[in-house]
Amino acid sequence: MKILSAAQIRLADQYTIAHEPISSLALMERAATQCTQWLTARLRPHTPVWVFAGTGNNGGDGLAIARQLHGQGYATAVFVLGAAKYSADCAANLTQYEALGLSINYLHHISDFPPIPPNVLVVDALFGSGLNRPCDGLAAALIEHLNASRANIVAIDLPSGLFCEDNSQNIDENIIAAGHTLSLHLPKLALLLPDYQHKIGQMHVLPIGLNEDFIKNQHTDYQFITLADCAAMYRPRQQFGHKGTYGHALVVAGSRGKMGAAVLATRASLRAGAGLVSVLTAECGYTILQTTAPEAMTLLNEGENYLQGKIPELTAYQAIGVGCGIGTETETAMFLGEILGNYQRPMVIDADALNVLATRPDWHGLIPAQSILTPHPKEFSRWAGRWDNDTHKLQLLNDLSKKLQCHIVLKGAYTAIAHPNGQVTFNSTGNAGMATGGSGDTLTGILTALLAQGYTPETASILGVWLHGFAGDCAAAHYGQEALIASDLAEFLGEGFKALGKEKQQNSLL
Ligand SMILES: NC(=O)C1=CN([C@@H]2O[C@H](COP(=O)(O)OP(=O)(O)OC[C@H]3O[C@@H](n4cnc5c(N)ncnc54)[C@H](O)[C@@H]3O)[C@@H](O)[C@H]2O)[C@@H](O)CC1
Ligand SMILES: Nc1ncnc2c1ncn2[C@@H]1O[C@H](COP(=O)(O)OP(=O)(O)O)[C@@H](O)[C@H]1O
Ligand SMILES: [K+]
């Protein structure tokens with residue numbers, strides 16, 4: 001799914017109206033209907049709904065929602081900020097609302113602001129994608145007034161005051177703090193970035209039927225990865241496939257006290273479909289690995305407690321995943337350098353391998369092009385330094401990806417994957433239950449297995465991150481987010497592959 005800019009969304013809106021049998025007012029009605037349905041599926045019957053509307057089309061959406069909710073028996077109140085120039089569709093909806101004999105409260109001055117009881121649901125329809133400057137004056141005061149209330153707030157399209165893309169010049173106080181944001185048709189870039197998550201709450205994308213052909217032809221550097229996108233990339237197993245068909249993955253992981261990282265990565269590699277999995281670890285891990293992952297072969301290293309010494313022959317392996325729990329001892333760093341110097345295929349580089357490399361820029365040239373690097377934000381900062389805001393961070397992410405010609409997976413909610421061609425893919429799966437030690441090791445195992453199976457590094461990075469999050473969502477549904485532990489993730493990977501297979505079959509012609 002594409003992530004479009006505010007300008008592109010406006011064009012998509014215009015194109016849909018010009019090329020489909022729908023007027024702009026009817027399109028607004030359709031958007032409002034989606035929002036109303038979302039609300040009524042969750043609202044208690046007696047909850048009063050107070051809509052705060054601007055005078056643009058975001059306000060028009062709000063007025064249409066108020067009318068629809070009133071029609072379904074909800075107690076609604078409407079407050080309109082200022083009475084400057086109304087957009088045509090906003091004015092039409094205002095008239096329709098008043099035609100029902102309902103009154104509108106106009107807010108011209110701070111003294112017009114109503115006290116907000118905590119039991120009302122506030123619908124924020126002040127500004128959407130048409131915001132053209134940071135909020136100030138009466139708008140900022142109203143936003144502050146609404147944020148100070150204890151009422152739940154649902155934002156239509158965007159929390160008012162938040163720009164679609166770049167919020168580097170914005171300030172916290174001028175943005176509505178919503179519990180939920182209903183993004184119309186497509187997600188917006190700012191909704192996927194961490195800086196203003198406390199303003200966005202949970203994001204929900206509601207389809208409103210914008211013209212898909214137009215959207216397909218729009219260029220954007222940002223994608224939001226969905227089940228349908230991943231199903232198109234997924235290659236089901238062949239009937240006559242054998243273990244050689246699906247590649248030999250080598251997991252280089254573990255040290256004394258961190259052998260669990262090797263176990264997690266290895267088990268995830270096995271569950272992610274590699275034909276063969278070997279694990280190269282310190283001697284102290286031999287029995288542990290053979291017991292917890294009997295399907296994998298364990299290669300002995302010279303080091304008793306951590307990796308060191310001569311590296312084995314690496315050409316047999318279609319992919320290597322290196323770094324989980326290996327530590328950063330000098331001998332281990334030298335061992336990593338040997339691996340980098342003797343392996344030319346794209347590999348997966350995580351955790352301590354990233355930490356070692358962050359301190360050795362002279363080795364960066366050894367990283368095979370198209371490799372997948374999987375830093376969490378702390379690890380990324382060791383490479384890129386500090387960033388001022390999300391926009392700056394995205395720039396640093398793109399710069400590093402281009403410089404190394406590698407795919408950089410910046411982990412977190414809506415994990416962002418920067419590709420060397422300048423594209424950034426945001427993940428749609430995963431949950432806060434995955435914020436638990438070892439989740440990242442599981443991801444490394446998955447990515448290594450997908451590379452071993454012959455997926456291109458770009459596809460492996462996207463599919464692997466999506467599968468990892470999907471497994472996390474299944475595990476959270478089963479255990480609850482708090483009880484989720486990293487080893488659960490591999491156990492639920494099969495659900496992800498099954499979902500991909502099902503989706504692929506539904507889209508096939510047979
Ligand atoms: N596909 C689409 O594009 C659709 C868009 N719709 C709605 O239309 C919205 C966009 O509507 P508009 O382009 O009319 O824009 P908005 O309604 O977001 O806001 C524009 C209005 O607010 C004023 N304004 C902007 N920034 C301000 C500020 N800081 N302080 C005070 N006033 C400010 C502008 O002068 C203009 O009057 C979307 O967010 C969505 O809610 C829906 O109606 C349906 C379809
Ligand atoms: N709030 C969250 N929402 C979605 N995914 C998350 C969240 N927190 C963590 N994750 C995922 O869990 C994994 C954590 O990785 P990492 O920090 O490397 O863990 P570890 O080092 O303990 O293995 C990442 O893939 C990340 O995207
Ligand atoms: K809004």
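Which residues is N58 in contact with, leaving aside its neighbours within four places in sequence? The views below start from there and then move along this predicted model.

**View 1. N58 and the residues around it.**
Here is a look at N58, which sits in helix α3, a stretch covering residues 57–71. Leaving aside neighbours within four places in sequence, N58 is in contact with A125, L126, F127, G128, G130, I156 and D157. N58 counts as buried because it has 27 C-beta neighbours inside 10 Å, and 20 or more is what that label takes.

**View 2. The annotated binding site.**
An unreviewed UniProt entry carries the annotation "binding site", and it covers N58, D124 and S160. They span 103 residues in sequence, but no two of their C-alpha atoms are more than 9.3 Å apart, so they gather at one spot. Let's pick out S160, which belongs to the loop between β5 (152–156) and β6 (180–184). Is S160 buried or exposed? S160 is buried, as 29 other C-beta atoms lie within 10 Å. If we skip residues up to four places away in sequence, S160 touches D124, L126, F127, I143, A155 and I176. One of these, D124, is also covered by the "binding site" annotation.

**View 3. The surroundings of ligand 1.**
Now for ligand 1, which has 30 residues around it. Coming nearest are G56, N57, N58, G128 and G130, so to speak the inner circle of this view. N58 turns up here again, having already appeared in the "binding site" annotation. Which helix gives the most to the shell around ligand 1? That is α3, with 5 residues. Helices α1 (6–19), α2 (24–40) and α3 each supply at least two residues of this shell. By class, the shell is made up of 13 nonpolar, 12 polar and 5 charged residues.

**View 4. The surroundings of ligand 2.**
Ligand 2 has 18 residues around it, and K411, G430, A435, S439 and G440 come nearest. The element that gives the most to this shell is helix α15 (residues 439–452), with 4 residues. Sorted by class, the shell around ligand 2 holds 6 nonpolar, 10 polar and 2 charged residues.

**View 5. Where the two domains touch.**
The domain assignment splits the chain into domain 1 (6–219) and domain 2 (230–507). Taken over C-alpha atoms, the centres of domain 1 and domain 2 are separated by 40 Å. How many residues of domain 1 are in contact with domain 2? There are 6 of them, and they are in contact with 7 residues of domain 2. The side of domain 1 that touches domain 2 has 3 nonpolar, 1 polar and 2 charged residues.

**View 6. The stretch labelled YjeF C-terminal.**
The unreviewed UniProt entry lists residues 226–500 as "domain: YjeF C-terminal". Over residues 226–500, the chain is 44% helix and 12% strand. The C-alpha atoms at the two ends of this stretch are 10 Å apart.

**View 7. Helix α12 and what covers it.**
Helix α12 runs over residues 351–358, and its buried residues are A351, D352, A353, V356 and L357. What covers them includes β12 (319–322), α11 (330–341), β13 (348–349) and α15. Helix α15 is familiar from the shell around ligand 2, where it gives the most residues. Take a second look at A351, found in α12: this residue has a positive phi of about 45° although it is not a glycine. A351 counts as buried, with 25 C-beta neighbours inside 10 Å.

**View 8. The loop after α12.**
Follow the chain into the loop between α12 and β14 (372–373), and you find P368. Buried or partly exposed: which label does P368 get? P368 counts as partly exposed, because it has 17 C-beta neighbours inside 10 Å. Not counting residues up to four places away in sequence, P368 touches Y343, Q344, R345, P346 and M347. P368 and A452 are 84 residues apart in sequence, and from C-alpha to C-alpha they are 15 Å apart in space. Q370 is found in the loop between α12 and β14 too. Q370 has a positive phi of about 75°, although it is not a glycine. With 20 other C-beta atoms within 10 Å, Q370 is buried.

Definitions and conventions: Residues are numbered from 1 along each chain as its sequence is written. Chains are lettered from A and ligands numbered from 1 in the order in which they are written. This is a predicted model: local features need pLDDT of at least 70, side-chain atom pairs count only at pLDDT 80 or more; totals for chains, interfaces and linings use all residues. A residue is near a molecule or strand if its C-beta atom, placed from the backbone, lies within 6 Å of it. Ala, Val, Leu, Ile, Met, Phe, Trp, Tyr, Cys and Pro count as nonpolar, Asp, Glu, Lys and Arg as charged, and the others, Gly among them, as polar. Domain bounds come from an automatic or database domain assignment. A residue is buried if 20 or more other C-beta atoms lie within 10 Å of its own, exposed if 12 or fewer, and partly exposed in between; C-beta atoms are placed from the backbone. UniProt positions are given in the numbering used here, feature names are shortened, and annotations may be inferred rather than shown by experiment.
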